[in-house]
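Please walk me through the aromatic contacts and the surface charge of this protein, taking one feature at a time.

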Amino acid sequence: MMETIRDAGNLSLPAAWRYSGVAVLLHWLLALLIAGMVGLGWYMTAIEDDPGADKYFNLHKSIGIVIFGLVLIRAVWRIGHKPSELPASLPKWEVAMASIIQWLLYGCMILLPVTGFIGALYSKAGIAFFGISLPAWVLPNHDTAEQFFEVHEALAWALVVLVAIHTAAGLKHLLVNRDRVFQRMWF
């Protein structure tokens with residue numbers, strides 16, 4: 001007999017149908033970190049010419065490196081711990097869209113720190129990881145840095161849109177469909 005757990009609606013939910021505890025923890029930790037990074041990114045670019053703004057840029061770079069590491073851990077974990085299929089009752093287009101959105105989210109979560117890191121490498125400021133300066137692998141080049149930062153910003157906007165779609169879909173499953181799909185990724 002399959003082990004079951006209780007969800008918020010007091011309905012039995014097969015434990016094998018849920019994401020693993022590690023996947024759930026990484027999902028919500030990354031959700032909080034990324035939301036904070038988007039806010040920090042918008043704030044720091046609004047004050048970039050103000051005295052002391054560099055501490056926000058350095059914090060943004062450091063957290064970005066942490067996020068990149070966590071995303072890699074999550075991707076490796078996901079490869080080895082594939083979740084069960086979504087319910088057969090869901091329309092095929094919805095299942096396909098969920099898969100596409102998830103892959104686009106992973107793409108943005110990987111490319112955002114990479115483009116930010118490369119842009120920072122080419123900037124005069126360089127990269128310090130929580131105060132520890134990392135080696136400069138390239139000579140500063142303002143134009144190259146700006147090109148990477150433009151891509152970085154476009155990816156940030158794409159991520160915001162994808163997260164909004166992902167969140168709306170999760171809330172739809174929780175509040176409208178009530179099909180326990182949301183609970184797969186809940187604590």
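**Aromatic pairs and a charged patch**

Across the whole structure, which is a predicted model, a search finds ten aromatic pairs. One of them joins Trp-28 and Phe-187 in a tilted arrangement, with 6.5 Å from centre to centre and 35° between the planes. This pair links distant parts of the chain, since Trp-28 belongs to helix H1 (residues 21-46) while Phe-187 sits in the segment after H4, 159 residues apart. Trp-28 has a relative accessible area of 24% and is therefore partly exposed, whereas Phe-187, with a relative accessible area of 61%, is exposed.

Another pair is formed by Tyr-122 and Phe-148, whose rings are stacked at 6.4 Å centre to centre with 5° between the planes. Here too the pair links distant parts of the chain, with Tyr-122 in helix H3 (residues 92-122) and Phe-148 in helix H4, 26 residues apart. Tyr-122 counts as partly exposed at 24% relative accessibility, and Phe-148 also counts as partly exposed, at 26%.

Returning to Trp-28 and Phe-187, both belong to a cluster in which ring pairs link them with Phe-182 and Trp-186.

Turning from rings to charges, a negative surface patch is made up of Glu-48, Asp-49, Asp-50, Asp-143, Glu-146, Glu-150 and Glu-153. Of these residues, Glu-153 can be placed in helix H4, which spans residues 142-177. Glu-153 has a relative accessible area of 48% and so counts as partly exposed; this value also satisfies the requirement that patch residues have over 30% relative accessible area.

Methods:
Residues are numbered from 1 along each chain as its sequence is written. This is a predicted model: local features need pLDDT of at least 70, side-chain atom pairs count only at pLDDT 80 or more; totals for chains, interfaces and linings use all residues. Side-chain values use heavy atoms; hydrogens and water are left out. Patches are made of residues with over 30% relative accessible area and no salt bridge: like charges are joined within 9 Å, nonpolar side chains (Val, Leu, Ile, Met, Phe, Trp, Tyr) within 5 Å. Accessible areas come from the Shrake-Rupley method with a 1.4 Å probe; for residues, only the protein chains shown count as cover. A salt bridge is a side-chain nitrogen of Lys or Arg within 4 Å of a carboxyl oxygen of Asp or Glu. Lys and Arg count as positive and Asp and Glu as negative; His and the chain ends are not counted. The place of a charge is taken as NZ of Lys, CZ of Arg, CG of Asp or CD of Glu. Helices (H or I, at least four residues) and strands (E, at least two) are DSSP runs, numbered from the N terminus. Buried means under 20% relative accessible area, exposed over 50%, partly exposed in between (1.4 Å probe, protein chains only). Rings of Phe, Tyr and Trp (its six-membered ring) pair if their centres lie within 6.5 Å; planes under 30 degrees apart count as stacked, over 60 as edge-to-face and the rest as tilted.
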